[in-house]
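Reader: I am in my first year and would like to look closely at a single part of this protein rather than at the whole of it. Could you take me slowly through one residue and the surroundings it sits in?

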Amino acid sequence: MLLKENGLRKLRVNKKRFIYLISPNKIKKSFYSNLKVVLSSNLVSFFQLRLKQYSLIERKKIGIKIKKICKKYKVKLIVNDDPNLAKKIGADGCHLGQNDMNIQVARKILRKKIIGITCHNSKKLIRYAVKDGANYIAIGAFFKSKTKKVNYIAKPSLISWAKRFTKLPVVIIGGITNKNFRKLLLHKPDFLAISGGIWEKKPTKTIKEFYENNR
């Protein structure tokens with residue numbers, strides 16, 4: 001569809017499945033029912049399981065349950081940091097930070113499954129990720145975030161540069177909400193990674209607002 005910006009510019013935006021959804025830091029009782037509603041919106045392509053404070057056994061148990069929900073709504077499940085856990089629960093892939101397992105080692109574990117790489121605000125790290133065979137790159141943060149400490153701030157122009165440099169999908173991260181995401185779409189990222197922007201309020205209401213604000 002066409003998005004009008006300030007009545008002057010037009011941008012073609014794929015309204016469906018532009019969200020890369022990241023789990024909240026804590027899984028509450030209401031999480032699973034909210035997740036079903038959010039995924040049923042048909043706006044989410046990926047769900048990343050990111051639980052830093054949970055044991056391996058707990059993450060495995062939660063991951064298996066989430067996998068069933070993702071499969072129902074045709075959303076790809078990505079595990080943060082842990083290729084071995086991704087393999088154990090049959091996830092679609094994993095996401096690696098710069099201090100996590102080397103991508104070559106992760107590739108031996110996951111074979112042809114998806115591996116995404118955090119590249120912060122660095123063109124150098126983007127080049128390395130592409131060279132090393134990543135399936136997508138994640139750049140940011142673009143805004144301050146309540147979900148995690150922000151150590152790197154990226155400029156929107158980096159999105160445009162990355163899109164010119166590589167054909168890999170570009171995921172943008174960091175403090176993205178239904179109030180601030182539209183201007184970033186002018187730089188044509190492939191996916192918006194969102195966590196607190198959905199989970200910190202009423203997820204069922206917020207996902208509807210993302211839909212409405214992208215009209």
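Author: What follows starts from one histidine and works outward through its surroundings. Please keep in mind throughout that this is a predicted model.

The residue to find is H95, which is placed in strand β6, a strand made of residues 93-96. Is H95 buried or exposed? Its relative accessibility is 6%, and because buried means under 20%, H95 counts as buried. The side chain of H95 has a polar partner there, since a polar contact of 2.6 Å joins it to the side chain of T118. If you set aside the neighbours within four places in sequence, the residues in contact with H95 include Y20, Q48, I78, D81, D100, G116, T118 and Y136.

Two of these contacts, Y20 and Y136, deserve a closer look. They form an aromatic pair of the edge-to-face kind, with 5.7 Å from centre to centre and 65 degrees between the planes. Y20 lies in strand β3 (residues 19-22) and Y136 in strand β8, so the pair ties together parts that are 116 residues apart in sequence. Both Y20 and Y136 are buried, and together with F46 and F191 they form one aromatic cluster.

Y136 also leads to a nonpolar core of ten residues, among them I22, I78, Y136 and A193, which lies apart from the largest one. That largest nonpolar core has 62 residues, of which I19, L21, F47 and I66 touch the most other members. Helix α1, residues 31-39, gives the most to the largest core, namely five residues. For L21, leaving out residues up to four places away in sequence, the contacts include L35, V38, L39, F46, F47, Q48 and W199; Q48 is thus found among the contacts of L21 and also among those of H95.

From Y136 you can also follow the strands, for β8 (residues 136-140) runs parallel to β9 (residues 170-173) and is joined to it by four bridges. Within this pairing, I139 stands opposite I172. Between the two strands the chain passes through helix α6, residues 157-165, and this β-α-β crossover is right-handed. Strand β9 in turn runs parallel to strand β10 (residues 191-194), with two bridges joining them, and here I172 stands opposite L192.

Notes. Residues are numbered from 1 along each chain as its sequence is written. This is a predicted model: local features need pLDDT of at least 70, side-chain atom pairs count only at pLDDT 80 or more; totals for chains, interfaces and linings use all residues. Side-chain values use heavy atoms; hydrogens and water are left out. Buried means under 20% relative accessible area, exposed over 50%, partly exposed in between (1.4 Å probe, protein chains only). A polar contact is a pair of N or O atoms within 3.5 Å; within protein, one must be able to donate a hydrogen and the other to accept it, and residues adjacent in sequence count only if both atoms are side-chain atoms. Contact means heavy atoms within 4.5 Å. A nonpolar core is a set of buried Ala, Val, Leu, Ile, Met, Phe, Trp, Tyr and Cys residues joined through side-chain atoms within 4.5 Å. Two strands pair if DSSP finds at least two bridges between them. A crossover is right-handed if, with the strands pointing away from the viewer, the path from the first strand over the helix to the second runs clockwise. Rings of Phe, Tyr and Trp (its six-membered ring) pair if their centres lie within 6.5 Å; planes under 30 degrees apart count as stacked, over 60 as edge-to-face and the rest as tilted.
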